[in-house]
Amino acid sequence: MSTTMRPVWLAGRGLSCPLGASLAESLARLTQPALRTLVDCGDLGTLPLFSLSNNTAQDAEQWHLQTRVQIRQVAAEAGLTNKPDAPLFIASSSINIGALELGSRWQRDSAFAELEELAKALDWQGPLYWINTACTSALNAVLAARSLIANGLHDDVMVLGLELPNRFTTRGFAAMQLLSPTRPQPLGAARDGLVLGEAIAALHLSSAPARWQIGPGAHIVDGADSTGASVDAIVRCWQDALGTPVESVDLIKLQASGSPMNDQKEVDAVTRLGLKPTPELTSLKALLGHSLGASGAAELALLSACLEAGTCSAPDYPLDTTLPLTLTTAPAASVRRALLSIIGFGGSHAAVRLEDADVTTPSPPIPTRTYKVIGRQTDAQSADWQNELYTMLGSRPRRLGSWVELGLWGALRCMRQAGVPEPGDDLIIRISSLDGPRQAIEKALSESLDSGTPMPFSFLQSQPSQLLARLAAALHWQGDARIVTQRDPIALIRLALCEQATCGGDILLGWLDEATPTLPARSQWLFLRSDAAALTSEAPAGIDGDVMLAHAFRLDEGVLRWW
């Protein structure tokens, strides 16, 4: 174990995307058109999608066979198959929705069970985590993986970003009026929306030195707008990732996907950040499309390869000359520190630093911390739980969906029991959900299959990240919140403690699932606070008899100790 934060390195990477079936092939085809298909979106017509090659599945069995072959190939390219005992983070906002479209049947905790089957197919024995924060999923997985290595708990961690073939996601974005009918034009004069993309990306993070160091990063959820970006949140996220005082950066890889409003906000954030000299700007969405939950991993893999090769694809469309800044035509050979930025549904903003090996970053110490449970919500819902929620919120919200309401009810109850009505900025929120908003997903998927597009609010309710935005708004708070699922609650707590190792901020943990025919609903929560006097020998306390947790937790040189 380590007494100081260890550096974390990018030891391997793999990519299959609309440019090519491997990272090498994708790099060689930067100036060639990406593979596109058209998706039937009912009354909205057909819309373009940047698609993976060999997407020919006609039934769920073929879908599973084809996608798993592609995933194995990308994992092998990254060297992931050499470390099957390492933790595996899978980042995705769609998981198996393509198989469900083709007739695959739901089962208990279908989404996480699907990932467990995938891990078995890869002969993976290490602990499995699933992160779903919409478009920021993969970058959040990188940040979580980094914390385990930096704290000395593991020497190697693997990240898989997956956005696999399906029509549902394109149809949902079409229903939200977010897609371009032609092509993505980041910072373009005629930009008129996103074009989505499929991708499989693999990253091997390690404590062993390599060319690129994965520097600090940040994730900020802002509840003011659950579907768009916030300039304030972008700036705070970038400042947190770059450090205080803000360090220089040579290149910023923007989210810039062709959105008329969000592209403008990112440029405004660069201006407000005030870095001198102004960093070069780039975007990869014109090459890859927006690969949603996989985009952070896919774009990190491709950007690092482009920087090594000294190449980049220049925009082949007119840029918006009314913007004060524009995209570079080729990154300078002197790029040593880059910042990768991703923005997503649920008011989610994520960033991470990518640093060349010759950049020296100080390693902060890891202090010994003790965490005490100061609030808990373990009660089953009463018949009147929704009215209790509306009272806590001060009004009756519309169109949240039952899963989001259940999560809000449990979280706010826990915060009230802890005596923390409005948390500090250094709070982190972590929510584990084996099933996710299944009822909303089933409804939106049925609408998509029946009419070609789901209803806009149905699609929003099917996105778990909406809970993060709504909870942030209810708490009048802006900070780091993620949906990260792991079957072992102690592993989830250990991860959260690693992520708070240096600052010692509060932790709100939730276990959330709707009722099924065989299991009751649960919205169980703990609020942990760092307290030097909190060590105790009290016996562990149970949550519904099946999750044994202690009154106090301790992170000592990277080791979680509980009593």
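This short talk describes the overall build of one protein and some of the salt bridges within it.

Good morning. Please keep in mind throughout that we are looking at a predicted model.

I begin with the whole chain. The protein contains 16 helices and 21 strands. Its C-alpha trace spans about 65 × 55 × 45 Å along the principal axes. How does the radius of gyration agree with that of a compact globule? For 563 residues, such a globule would have a value near 24 Å, and the protein has 22 Å, which agrees. Of the 563 residues, 63% are buried. If we take contacts between residues at least 6 apart in sequence, 78% of them join residues at least 24 apart. As for the surface, the protein exposes about 20200 Å², and carbon and sulfur atoms supply 50% of that area.

I turn now to charge. The protein carries 44 positive and 58 negative side chains, and the centres of these two sets lie 2 Å apart. Side chains of opposite charge can pair when their charged atoms come close. How many salt bridges does a search of the whole structure find? The search finds 28, and I shall present three of them as examples.

The first example joins Asp155 and Arg6, whose closest N and O atoms are 3.0 Å apart. Asp155 sits in the loop between α5 and β6, while Arg6 belongs to the segment before β1, so this pair ties together parts that are 149 residues apart in sequence. Asp155 is partly exposed, with a relative accessible area of 42%.

The second example is the salt bridge between Asp356 and Arg211, at 2.7 Å from N to O. Because Asp356 lies in strand β12 and Arg211 in the loop between β7 and β8, the pair ties together parts 145 residues apart in sequence. Is Asp356 buried or exposed? Asp356 is buried, at a relative accessible area of 6%, whereas Arg211 counts as partly exposed, at 36%.

The third example pairs Glu499 with Arg430, and here the closest N and O atoms are 2.9 Å apart. This pair links distant parts of the chain, since Glu499 is in helix α16 and Arg430 in strand β14, 69 residues apart. Glu499 counts as buried at 17% relative accessibility, and Arg430 is buried too, with a relative accessible area of 1%.

Finally, salt bridges may share partners: Asp379, Glu388, Arg413 and Arg416 are joined in this way into one network.

Thank you for your attention.

Methods: Residues numbered from 1 in each chain as written. Predicted model: local features only at pLDDT ≥ 70, side-chain atom pairs only at ≥ 80, totals over all residues. Heavy atoms only, no water. Salt bridge = Lys/Arg side-chain N within 4 Å of Asp/Glu carboxyl O. Helix = DSSP H or I, 4+ residues; strand = E, 2+ residues; numbered from the N terminus. Buried < 20%, exposed > 50% of the residue type's maximum accessible area, 1.4 Å probe, protein only. Rg over C-alpha atoms; globule rule 2.2 N^0.38 Å. Contact = heavy atoms within 4.5 Å. Areas by Shrake-Rupley, 256 points an atom, 1.4 Å probe, with all protein chains shown as cover. Lys, Arg positive; Asp, Glu negative; His and termini not counted. Charge placed at Lys NZ, Arg CZ, Asp CG, Glu CD.
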